Amino acid sequence: MKRYRTLFKRMTMLSMACMLSVSLAACVDSSSPQESASATEDGKTVITMGRVTAANPKLPEGDTYENNAYTRLVGEKLDVKIVNQFEAEGEDYDRQVALAIASGELPDMMRVNSKEELKELVENDLIADLTDVYEKRASDYIKEIYDSYDGRSLADATFDNRLMAIPATNGANAPNMVWIRQDWIDKLGLELDKDGDSLITLEELENTAKAFIENDPGASGNPVGIPFAHWLNAGDYGGSALTMSSVAGVFNAHPRHYIEDENGNITYGSTTEGTKKALGILAELFDKGIIDPQFGTRTWDDIMALLTNGQTGIVTGPWHIPDWGLSAVREMDKNAEFVAYTLEGENGKANVFRENPTGSFIVVRKDYAHPELAIKILNLFYDELGNATNLETDYPEIAKYNELGVDGSTRPFNIEVYKSTSTLDDFSNLILPAVNGETSINDITKAGIKNDAKTILQYLENPENAETSAWAKYHSRMKGIGLIEKLTTEDTFNWTTPVYYGTTATMEKKGANLLKLEEEDFIKIVTGTEPLDYFDTFVSKWKKQGGDEILAEIEAELAEQQ
C-alpha cells in the first residue's frame, strides 16, 4: 500500500510542477541541456548527486553524506568530487526525484526507486545510454554478478535493447520460515521433525502451538497462539515476517505475485485456489485457538510484545528475523533459543517464489560528460572494495566504518549489487568452514563475512553470556541461512518465477483500494466473520474493481517485450 501512496504523491507532484503543460515532456526543455560544473579548482571531476539518506547513518563526528570515508575514497581513486544536489529520506527523496524529473534539472547521477520512474526518464530522453560504457568499463566480476540473474536484472533496466540504468540486485532468498522456541521444545520434551529434513507438516505445527498454549512454557500466565500481521502477505521476501507465506507455500500458492497458472495464463496469486486452501487452514486454526485470538487487531509492536513477554514462541519470517526481531526476545530471556523450519508442501517440496531481481536503479543525466564514472564507482565499491583481502590494511577508514556500523546509505550509490546466490555462497564457502574449523578465519577475504564468522565463534565459546548481537548473528546465519543451505543441498526447493514485478496504470489508480479489499476480506475469512466460500466473492470483486484491467495490461506489456 505504501508503494501505491508513494506513486500517487509522486504523480501529484509532477502534475503540480507541470500543470501548465500538456505532458511531462512539455515541462522539459530538452534543447537546453543542464550543465554541471565540470571540475573543481584542483582539477577533480564533479559529480552532482541525488542522495538517499537514513535517519541515523552513524557517521563519525565531522563526516557528512557529502564528505565521508566513501566519498573521500572516490576522490582518491577516481579523482572525483561528489556534490549533493539534494539529499533526503524515504518519501521526501521520492518527491525530490519527482521534482527533478518535472523540471528537467536532474543531478548527474541519482537513484530512482521504481521501474515506472525509470520508464518516465527514458521516454522523456532525460538519461544517458549506458550500454557501451557498461560493456567497456564494467569489471568481469560485476558482469558475473548480473549474469547470475540470467539476464533478468539487466533486462529490467533495458529499453529497446539499450541499457539505461545500473540496476540494484536482490539476491535469491527462500523460504518463509517458521521460527520456534527451541528451549520450549526441549522443556516440554516435544518431538518435531523426526526425519530431520527440516520440513514440518501443518499437523506438527498445530501440535507444537497447542502444547505451548496448554503448558505455558514462557510462564506468562496468558499464552496465545501463533501471531500473524493483519496484512497477512507481503510482495517481497524481506517483508515476509508474520505473514501466511509459509502456509500458502504448502499449496504452492504465492499471494501478492503475478504468476502463470497451469494453463499458461497470467493470474494474481492472491486469487488462486491454493491461496483459498491456505486461508481455509488458517480459519480452522483460528477456530481452534491455535492462531492468536486477536489476529487482525494487533500492531507490529503488540506482536513483538507477545514474543518478548513469553506469551508466544512461534512466528513466521525471513532468515534474518533474528537480527532485528527475535533479538528482542533474547534481551528479555537469556535462555531463549529458536530453531527454523519450513512447512512441507503437498508435493513434498518447499515451494518458494523468486523475488524481483532489481527494485531500484542508478541513472546518469543524459548530457553528463562522464557517464563512465558511474561504472567506475560500481567497480570500486562492489568489486574492488567488496572483494578486498585486507580491509584494515588497504582501506582503514572503511574498516573503521564497518566497526562503527555506519549505514550503507553513506556510500555514493545507496544500492546493493551482489550475485543471486551471494548469501548462500558466503555462508557455505566462507562462514561454515571457518566455524567448523576446516579453514582459518584469516583466510576469509571479505571483511563483513569475516566479522560474521568471528561473532558466531564468540557466541559458541560462551552462549549463555554472549552479547545479544552475537546471539542474533548465530541464529540468522547458522540456523536461518543454514536452513536454506540444507534445503538447497538436498534439492528441496520448488521455485516459481513471477511473470511481472512492475506497476501498470490501473495499479496506480486502483491498487491501494484493491490491496485494502484483499486485506479486509482475508481477515474476515480467517476470523470466521465470513465462510471460506466468501473467497470466491472476493475474487469476483477484485476482478471487477480493477483486477481484470491489471491482468490485461500486464499481458499487453509482456507481449510488447517479446
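Which residue in β12 stands opposite isoleucine 180? Valine 339 does, and the notes below place this pair in its sheet.

## About the model

This is a predicted model, in which local features need pLDDT of at least 70, side-chain atom pairs count only at pLDDT 80 or more, and totals for chains, interfaces and linings use all residues. Residues are numbered from 1 along each chain as its sequence is written, and side-chain values use heavy atoms, leaving out hydrogens and water.

The protein chain averages a pLDDT (the predictor's confidence in each residue, from 0 to 100) of 91, and 93% of the residues score at least 70. Do take care with residues 1–35, where pLDDT stays under 50. For that stretch the model has 61 contacts (heavy atoms within 4.5 Å) beyond four places in sequence. Where pLDDT is low, predicted coordinates should not be read in detail.

## The sheet

Four strands (DSSP runs of E, at least two residues, numbered from the N terminus) form an open sheet in the order β8-β12-β7-β11, with mixed pairing. Pairing takes at least two DSSP bridges between two strands. At the edges, β8 (199–200) and β11 (314–317) each pair on one side only.

Strands β7 (residues 177–181) and β12 (residues 338–343) run antiparallel and are joined by four bridges.

## Helices

Helix α20 (residues 468–489; helices are DSSP runs of H or I, at least four residues) lies across β7, β8 and β12. The helix runs at about 30° to β12, with axes fitted to C-alpha atoms, for helices over the stretch in contact, and angles from 0 to 180 degrees between N-to-C directions.
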